[in-house]
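Please open the model in a viewer and keep the sequence panel at hand. The tour below proceeds by selections, each followed by a description of what is found there.

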Amino acid sequence: STWGLLIVMNAQNEELASKLVSAAYITQGAASVHSRDNLLTSLLAQVNFLSFPVWRVLCVMVGDVIQRGLPERGWDDPTIQYILHTIALMDSNNFMGNVGVGEREGRVFSSLIRSRHFSLAHGIGRSGDVSEVQPKAAGSSLLTTITRHMARHALSIAGFKKVKDVVVLPMCTGMSLTLVLLSILPQVPENTPKKRKEKKRSSLLVVEFR
């Protein structure tokens, strides 16, 4: 695998396990684990992380890439869970023997909540830019970047071919509508809301306060 950190059943573990259980069975089981690793390798190979210095430490990848986006075939639940849990272990708040005190470092009291979120609790981004790589959350930053590429690919499939970049964030209805309106309306003085609406051929609905 191009990402050695994700190989749980590595060659040494396979050899040691073969002394406890038949080598033929261990080889068969390890092949299943490697097949899941290869799915992630295929996904990472479609996304260009070489522009980020931190990925040079985390990944061993060769050259640039052209294709990037959604896998051709969907992954089963065990594969998704395995990969999410493994990526989460790359965040500093999940390091063994580490107790973080940073403002973004996740500290989860309930094991039920931790399990529900695959141990992903660390904040992402940096001050002023949520899409920036968070040094203490390599796993979450990686997952965020993959999600952005997959979302952009999904939009492209839906017909939005000119979208260059996206950011995926959890938003309430009001904030979502606000962001959509801000993105489609031209930047004009605030004292001309009617002209701004008419220019975009949008209907103007005046809401009176009671």
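Which side chain meets that of Asp 165 in a salt bridge? Select Asp 165 together with Arg 148: their side chains form the salt bridge, with an N to O distance of 2.6 Å. Asp 165 lies in the loop between H6 and helix H7 (173-184) and Arg 148 in helix H6, so the pair ties together parts that are 17 residues apart in sequence. Arg 148 counts as buried, at 14% relative accessibility. The coordinates on display are those of a predicted model.

**The whole chain**

Zoom out and colour by secondary structure. The protein chain contains eight helices and zero strands, and the order from the N terminus on is α-α-α-α-α-α-α-α. Of the 210 residues in the chain, 26% are buried.

**The other salt bridge**

Across the whole structure, two salt bridges are found. Having seen the pair Asp 165 and Arg 148, select Arg 36 and Asp 76, whose closest N and O atoms are 3.2 Å apart in a salt bridge. Arg 36 belongs to helix H2 and Asp 76 to the loop between helix H3 (53-58) and H4, so this pair ties together parts that are 40 residues apart in sequence. Arg 36 is partly exposed, with a relative accessible area of 22%. Asp 76 is also partly exposed, at 38% relative accessibility.

**The largest pocket**

Return to Arg 148, which is one of the residues that line the largest pocket. Select the rest of this lining: Leu 120, His 122, Ile 124, Ser 140, Leu 143, Thr 144, Thr 147, Val 168, Leu 169 and Pro 170. The space in this pocket amounts to about 310 Å³. By class, its lining comprises six nonpolar, four polar and one charged residues.

**The second largest pocket**

Next, select Leu 43, Trp 75, Ile 80, Ile 146 and Met 150. The volume of the second largest pocket is about 240 Å³. Among the 14 residues that line this pocket, the five just selected are the closest to its centre. Helix H2 (23-45), helix H4 (77-88) and H6 are the elements that each give two or more residues to the lining. The lining divides into 11 nonpolar, two polar and one charged residues.

**The cavity**

How many cavities of 30 Å³ or more does the structure hold? There is one, and about 40 Å³ of space lies in the largest cavity. To display its lining, select Ile 124, Gly 125, Val 130, Ser 131, Glu 132, Val 133, Ser 141, Thr 144 and Thr 145. Three of these lining residues are nonpolar, five are polar and one is charged. Ile 124 and Thr 144 were already selected, as both also line the largest pocket.

**The nonpolar surface patch**

Keep Ile 124 and Val 130 selected and add Val 167, Leu 169, Met 171, Met 175, Leu 179 and Leu 182. Together these residues form a nonpolar patch on the surface, with about 630 Å² of accessible area. Within the patch, centre the view on Val 130, in the loop between helix H5 (111-116) and helix H6 (138-157). Val 130 is partly exposed, at a relative accessible area of 35%. Then move to Leu 169, in the loop between H6 and H7; Leu 169 is partly exposed as well, with a relative accessible area of 34%. A C-alpha to C-alpha distance of 9.2 Å separates Leu 169 and Val 130 in space, although they are 39 residues apart in sequence.

**Two backbone angles**

Remain in the loop between H5 and H6, where Phe 118 is found. Most residues other than glycine have a negative phi. Phe 118, however, has a positive phi near 55°, and this residue is partly exposed at 24% relative accessibility. Select Ser 119 in that loop: its phi is also positive, about 70°. Is Ser 119 buried or exposed? Ser 119 counts as buried, because its relative accessibility is 18% and buried means under 20%.

**A final stop before H1**

Finally, select Asn 10, in the segment before helix H1 (11-17). Asn 10 is partly exposed, at 31% relative accessibility. Add His 34 and draw the C-alpha to C-alpha distance: the two residues are 8.9 Å apart in space and 24 residues apart in sequence.

Terms used: Residues numbered from 1 in each chain as written. Predicted model: local features only at pLDDT ≥ 70, side-chain atom pairs only at ≥ 80, totals over all residues. Heavy atoms only, no water. Patch = residues over 30% accessible without salt bridge, like charges linked within 9 Å, V, L, I, M, F, W, Y side chains within 5 Å. Areas by Shrake-Rupley, 256 points an atom, 1.4 Å probe, with all protein chains shown as cover. Salt bridge = Lys/Arg side-chain N within 4 Å of Asp/Glu carboxyl O. Helix = DSSP H or I, 4+ residues; strand = E, 2+ residues; numbered from the N terminus. Buried < 20%, exposed > 50% of the residue type's maximum accessible area, 1.4 Å probe, protein only. 1 Å grid on protein atoms, 1.4 Å probe; cavity = no way out; pocket = protein on both sides within 12 Å on 5 of 7 lines; lining within 4 Å. Points joined across faces, edges and corners; volume = space filled by probe spheres on them. Nonpolar A, V, L, I, M, F, W, Y, C, P; charged D, E, K, R; others polar.
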